[in-house]
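Good morning, colleagues. Please bring up the sequence and the structure, and I shall begin with the charged pairs before turning to the strands and one helix.

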Amino acid sequence: MSEHILTHKQGRVGVITLNRPDVLNAWHSEMRQQLIAALEEFSSDDSLGAIVLTGAGERAFSAGQDLNETRSFDAERAKSWVGEWETLYDKLRSSPKPIIAALNGVAAGSAFQVALLCDFRIAHADVRMGQPEINSGIASTTGPWIMREHLGLARTIDLTLSGRLMNADESHALGLINRLVAADQVLPEALALGEELADKPPVAMRLDRQRFKEITEPGFRDCLEAGVRIQGEAYASGEPARMMELFLKRRNG
């Protein structure tokens, strides 16, 4: 099996690396399943006190969904696709250990959402973040939910409908990036923070994360229910397939 996800331990920190640098670490179903398994393994490992999530290469944390997969979806496959994201997002939300995103490059679409589901985000000045799904014909459902939790409705509408990417300064000013450091210090800074958090009382850490999940659970469940309905309608229209073909032609042209 291809290693779309790499894992290793460094001290009391488990490191998960998204490993498809040739496609900017964009994920497909197999990669998502490997990421879920890695999160489950580290979350249940008593020798670890924190998890760091990063990307391979220097260009991207992750470009989000691999459009080569989704451009062939029909309405029914789009609905089951929502279920795959539910499993991944629930795994991130349910871990008893704090999760740090070491953003080594762009975090777009679902990767932006994954970064926001982490507890901390460390990045460098060239990182860009945002929700460009509309540009490839994908209607956003989980994205607006998690963005609104962090940013409020006005900025969520801006990012969802414009599809623009924010630079690191804007993301930092909005509180989406916790620390801006030099590019070669992103992972070391994340590991140092991971060790610091690993020293915190583990029961309190687990209960605090559990409480954050409880607070946001109604919105999470609502966006998933809406996602099944909205993605089914969107893919039945044929628009996502058309727009993804155009997007990929422009990108590869």
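R164 is partly exposed in this predicted model, with a relative accessibility of 30%. Its partner in a salt bridge is D158, with N and O 3.0 Å apart. D158 also counts as partly exposed, at 29% relative accessibility.

By the rule applied here, the model holds 19 salt bridges. I shall discuss two further pairs, both involving helix α9.

The first joins K213 to D90, where the closest N and O atoms are 3.5 Å apart. K213 belongs to helix α9, residues 202-237, and D90 to helix α3, so this salt bridge ties together parts of the chain that are 123 residues apart in sequence. Are these two residues buried, partly exposed or exposed? K213 is partly exposed, with a relative accessible area of 23%, and D90 is likewise partly exposed, at 22%. The two residues also belong to a network of salt bridges, which links E86, D90, R93, K213, E217 and R221.

The second pair is D119 and R209, whose side chains meet in a salt bridge at 2.9 Å, N to O. Here, too, distant parts of the chain are linked: D119 sits in the loop between α4 (110-117) and β7 (120-123), while R209 is in helix α9, 90 residues apart. D119 counts as partly exposed, at 26% relative accessibility, whereas R209 counts as buried, at 7%.

Both D119 and R209 lead us to K97, which touches them. K97 is placed in the loop between α3 (75-94) and β5 (99-103). Which side chain of opposite charge is nearest to K97, and how far away is it? It is D46, at 5.0 Å. A salt bridge requires the nitrogen and the carboxyl oxygen to be within 4 Å, and K97, although buried, has none.

What does the side chain of K97 reach instead? One contact is with the backbone oxygen of D45, at 3.2 Å. Another is with the backbone oxygen of L48, which lies 3.0 Å from a polar atom of the K97 side chain. Leaving aside residues up to four places away in sequence, the residues that K97 touches also include F42, S43, S44, G49, A50 and I51.

A50 and I51 bring us to strand β3, residues 50-55, in which six of six residues are buried. Both faces of this strand are covered, with A50, V52 and T54 on one side and I51, L53 and G55 on the other. β3 pairs with strand β2, residues 13-18, in the parallel sense over six bridges, and A50 is the bridge partner of V13. Between these strands, the chain crosses from β2 through helix α1, residues 29-43, to β3 in a right-handed β-α-β crossover. β3 also pairs with β5, again in the parallel sense, over four bridges. In that pairing, L53 has A101 as its bridge partner.

Finally, I turn to helix α5, residues 142-151. Which of its residues are buried? They are T142, G143, W145, I146, M147 and L151. The buried residues of α5 pack against α3, α4, α6 (153-162) and α9. After α5 comes G152, whose phi is positive, near 85°.

To close, I would return to K97, which is buried without a salt bridge, and whose side chain reaches the backbone oxygen of D45. Thank you for your attention.

Key
Residues numbered from 1 in each chain as written. Predicted model: local features only at pLDDT ≥ 70, side-chain atom pairs only at ≥ 80, totals over all residues. Heavy atoms only, no water. Helix = DSSP H or I, 4+ residues; strand = E, 2+ residues; numbered from the N terminus. Buried < 20%, exposed > 50% of the residue type's maximum accessible area, 1.4 Å probe, protein only. Lys, Arg positive; Asp, Glu negative; His and termini not counted. Polar contact = N/O pair within 3.5 Å; in protein donor to acceptor, adjacent residues only side chain to side chain. Contact = heavy atoms within 4.5 Å. Pairing = 2+ DSSP bridges. Right-handed = clockwise from strand over helix to strand, strands pointing away.
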